[in-house]
Amino acid sequence: MPIKQYVSKEQFEQERQRIFRRVWLNVGRVEEVPREGDYFVKDLPVCNASILVSRGREGAVQGFHNVCKHRGNKLVWDERGSSLSHACKFHGWTYTPDGQLIGVPEEDMFFHFEKQKCGLTPVATEVWEGFIFINLAPQPQETLREYLGEVVDLLKGYPFSKLTTCYAYTLDLKANWRILRDSQLEGYHAKFLHRRSLPGFLVNKDDSSRHLLDVKLFTRHSMLSLYGNPDRKPTPTQMVAHRFGTSVDNRFGAAVDVDRLPVGLNPTRSANWAFDLYFIFPNFHVLPMSDMLITHNMWPVAADRGLWEARIYLPAAENGAEWFSREYAKCAIRDTWLEDGSTIENTQWGLTSGVITHQFLQDQELAIRHAEKVVNDYLTGAY
Ligand code: FES
Ligand SMILES: [Fe+2]
């Protein structure tokens with residue numbers, strides 16, 4: 001696969017306009033805004049936009065451009081919080097969580113002023129299984145349901161809303177966003193890069209060069225189903241963590257009741273299933289497991305800079321032992337991601353050096369090829 005798109009500033013500008021300002025983008029979950037007035041702010045440098053996501057009076061989650069209608073100041077500066085009114089710090093124009101303008105100091109000094117027409121500019125916002133998506137197109141060309149396609153039915157029944165404890169990490173990396181994306185779009189690296197944190201984890205004991213149980217390429221999205229080695233020996237600490245619920249390491253074989261999984265999870269119904277990876281174009285990875293959920297949002301910032309937001313969702317702990325298990329999972333998974341992150345900037349360095357013109361991708365890395373095909377489809381006008 002050619003590497004030009006990993007280093008091209010021109011392509012990056014096209015991707016901003018033709019992809020990121022036109023597709024549905026996941027920006028958070030409904031549990032982040034449970035009550036009226038709760039909000040969070042999502043700055044999206046790739047879209048030159050700051051988005052205010054808030055829970056309004058009718059209970060709906062709504063997205064707005066976080067821009068004051070008076071003279072354009074950023075309205076809400078906190079990353080998250082709760083308030084029934086947002087006052088702009090410049091001149092005090094004040095808005096409700098529904099985006100209505102309700103307060104204008106010295107209002108009588110404006111000419112022909114219609115306050116009700118000066119609310120915040122809404123952004124198309126829809127929710128799938130608790131995941132909040134926004135679309136910056138003035139008129140999105142399809143609904144979120146249409147955009148997600150098969151993925152909706154395949155994951156129906158997964159207990160997304162029960163995994164209410166969330167741990168999040170953010171990495172700010174000097175690399176093009178697709179290197180971040182690719183780092184979580186194949187399992188080929190696990191055997192080697194994760195030999196310290198996950199020794200033997202994804203090694204197929206029957207056929208050592210097959211680490212995937214299944215692959216599905218959808219029109220724009222894709223999924224990988226990964227083999228988990230049932231003979232892998234947990235360490236004594238891991239064994240303790242397993243006994244009390246979720247940990248990074250208890251997802252094999254007998255631990256999984258495959259018949260109770262949604263139809264799209266472990267599609268081969270293998271007893272040696274580790275987890276599945278659903279990649280939702282362009283930058284959202286969803287990894288539903290038997291006992292926890294992992295997500296990645298890979299955000300472009302510049303042609304050579306990206307933000308990796310990684311989250312772990314778990315059921316709430318009910319006692320101290322379960323807390324231990326969750327803390328263990330949080331740290332163990334962090335160690336694995338540090339290994340992933342360690343290659344990203346140096347891969348950018350290598351690609352920028354101009355020494356190679358192409359990458360070699362084996363068959364089990366085909367989700368990377370597919371994602372680039374869809375990028376090209378968008379850039380060449382197929383959508
Ligand atoms: S720019 Fe917001 S009140 Fe003036
Ligand atoms: Fe990895």
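**Figure 1. Helix 7 packs its buried residues against helix 8.** This is a close-up of a predicted model. Helix 7 covers residues 236-243, and helix 8 covers residues 320-352. Their axes come within 8 Å and cross at roughly 130°. The two helices are therefore oblique to each other. The crossing is left-handed. Helix 7 contributes Thr237, Gln238, Val240 and Ala241 to the contact. Helix 8 contributes Phe324, Ser325 and Tyr328. By class, the contact has 4 nonpolar and 3 polar residues, with no charged ones.

**Figure 2. The two sides of helix 7: buried residues and exposed residues.** Gln238, Ala241 and His242 are the buried residues here. Viewed down the helix axis, the buried residues fall within an arc of 100°, so they line one face of helix 7. An α-helix has 3.6 residues a turn, so residues three or four places apart point the same way. Pro236 and Arg243 are exposed, on the face turned away from the buried side. After the helix comes Gly245, with a positive phi near 115°.

**Figure 3. Helix 2 crosses helix 9 at roughly 75°.** Helix 2 spans residues 9-20, and helix 9 spans residues 366-379. Their axes come within 9 Å. At this angle the helices are therefore roughly perpendicular to each other. On the helix 2 side, the contact is made by Gln11, Gln14, Glu15, Arg18 and Ile19. On the helix 9 side, it is made by Val375, Tyr378 and Leu379. Sorted by class, the contact has 4 nonpolar, 2 polar and 2 charged residues.

**Figure 4. Asn135 is a buried residue of strand 10.** Strand 10 runs over residues 131-135. Asn135 has a relative accessibility of 2%, so it counts as buried. Beyond residues up to four places away in sequence, Asn135 touches Arg21, Arg22, Val23 and Trp24. Val123, Ala124 and Pro140 also touch Asn135. Glu36 is 99 residues from Asn135 along the chain, and the C-alpha atoms of the pair are separated by 22 Å.

**Figure 5. Gly81 sits in strand 5 and is partly exposed.** Strand 5 comprises residues 80-82. The relative accessible area of Gly81 is 28%. Apart from neighbours within four places in sequence, Gly81 is in contact with Gly37, Asp38 and Tyr39. Lys191 lies 110 residues from Gly81 along the chain. The C-alpha atoms of Gly81 and Lys191 are separated by 42 Å.

**Figure 6. Leu307 of strand 17 is in contact with Thr170.** Strand 17 covers residues 305-314. Leu307 and Thr170 are 137 residues apart along the chain, with their C-alpha atoms separated by 6.8 Å. Other contacts of Leu307 include Leu171, Asp172 and Leu180. Asn297, Met298, Trp299 and Val301 are also in contact with Leu307. These contacts leave aside neighbours within four places in sequence. Leu307 is partly exposed, with a relative accessible area of 22%.

**Figure 7. A cis peptide bond joins Phe281 and Pro282.** Omega is about 5°. Pro282 belongs to the loop between strand 14 and strand 15. Strand 14 covers 273-280, and strand 15 covers 284-288. Most peptide bonds are trans.

**Figure 8. Glu129 and Asn266 have positive phi values.** Most residues other than glycine have a negative phi. Glu129 is not a glycine, yet its phi is about 50°. Glu129 is found in the loop between strand 9 (122-128) and strand 10. With a relative accessible area of 29%, Glu129 is partly exposed. For Asn266, phi is near 45°. Asn266 is in the loop between helix 7 and strand 14. The relative accessibility of Asn266 is 0%, so Asn266 counts as buried.

Conventions
Residues numbered from 1 in each chain as written. Chains lettered and ligands numbered in written order. Predicted model: local features only at pLDDT ≥ 70, side-chain atom pairs only at ≥ 80, totals over all residues. Heavy atoms only, no water. Axes fitted to C-alpha atoms, helices over the stretch in contact; angles between N-to-C directions. Helix = DSSP H or I, 4+ residues; strand = E, 2+ residues; numbered from the N terminus. Parallel < 35°, antiparallel > 145°, perpendicular 65-115°, else oblique. Left-handed = near helix turned anticlockwise from the far one by under 90°. Contact = heavy atoms within 4.5 Å. Nonpolar A, V, L, I, M, F, W, Y, C, P; charged D, E, K, R; others polar. Buried < 20%, exposed > 50% of the residue type's maximum accessible area, 1.4 Å probe, protein only. Arc of directions from axis to C-beta.
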